[in-house]
Amino acid sequence: MNMMNIVNLLSMLLILISITIIISKDNLKLIVFFSAFSLISASLYYLYKSPDVALAEVAIGSAIIPLIFIISISKQREFVVISHVDDDFLRNCGLIKGVGYRILEDFTNYYGLKLSIYSNDIGKLYGIFRQRDVDLIIDKCPNTENYLIKGKESSILMNKLEQITEKYDRVVVLKVREGETYD
């Protein structure tokens with residue numbers, strides 16, 4: 001196999017990995033593919049007689065950046081819920097759990113997230129619990145008595161939450177755009 005065949009093969013692999021990165025929805029697989037992309041790029045740099053650039057690509061693209069991604073993803077394991085409901089919907093007293101709490105528990109267990117429920121007013125949140133850091137807001141509609149679970153429209157997790165709540169009559173999932181509220 002001559003040099004041009006190897007370069008063409010590596011270039012084709014780069015295209016395939018790029019397409020895989022674009023269509024993949026699993027963050028950990030994305031990191032692995034990103035590292036593979038950087039290794040192949042480094043090989044091409046080396047074959048084009050740029051060993052210094054290849055070495056930098058291996059160090060930064062294959063090691064440091066994936067490490068930063070993994071650290072960032074591992075810190076995103078908490079699912080923050082703000083409750084404006086004062087009844088038993090989100091109650092968690094040992095064996096006795098409210099319907100809302102069971103829904104959220106099933107949901108967070110499915111994704112391997114830690115559920116954190118806070119009873120507070122959004123306007124009073126401060127520090128790390130700013131409005132954009134909240135994943136869900138639980139309200140109760142005063143007219144219909146339905147429980148409203150509000151989450152970001154851009155979050156792909158909301159589709160799974162809709163599936164989980166389909167069997168509950170009094171629970172409605174609302175997808176809210178960024179910065180939009182139903183107050």
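Student: In this predicted model, is K97 buried, exposed or partly exposed?
Tutor: K97 has a relative accessible area of 27%. Buried means under 20%, and exposed means over 50%. The value for K97 lies in between, so K97 is partly exposed.

Student: Which residue meets K97 in a salt bridge?
Tutor: The contact runs between side chains, N to O, at 3.0 Å. The partner counts as partly exposed, with 22% relative accessibility. That partner is E105.

Student: Where do D139 and K150 sit, and how many residues apart are they?
Tutor: Their side chains meet in a salt bridge at 2.9 Å, N to O. The pair links distant parts of the chain. D139 belongs to strand 5 (residues 136-140) and K150 to strand 6 (residues 147-152). The separation is eleven residues.

Student: Is D139 buried or exposed, and what about K150?
Tutor: The cut-off for buried is under 20% relative accessible area. D139 has 13% and K150 has 10%. Both values fall under the cut-off, so D139 and K150 each count as buried.

Student: Which residues are linked with D87 in a network of salt bridges?
Tutor: One bridge joins the side chains of E145 and K140 at 3.2 Å, N to O. E145 is partly exposed at 37%, and K140 is partly exposed at 30%. The residues networked with D87 are K140 and E145.

Student: Which residues does S24 touch, leaving aside those up to four places away in sequence?
Tutor: S24 lies in the loop between helix 1 (3-23) and helix 2 (27-47). S24 is buried, at 19% relative accessible area. Its contacts are K29 and L30.

Terms used. Residues are numbered from 1 along each chain as its sequence is written. This is a predicted model: local features need pLDDT of at least 70, side-chain atom pairs count only at pLDDT 80 or more; totals for chains, interfaces and linings use all residues. Side-chain values use heavy atoms; hydrogens and water are left out. Helices (H or I, at least four residues) and strands (E, at least two) are DSSP runs, numbered from the N terminus. Buried means under 20% relative accessible area, exposed over 50%, partly exposed in between (1.4 Å probe, protein chains only). Contact means heavy atoms within 4.5 Å. A salt bridge is a side-chain nitrogen of Lys or Arg within 4 Å of a carboxyl oxygen of Asp or Glu.
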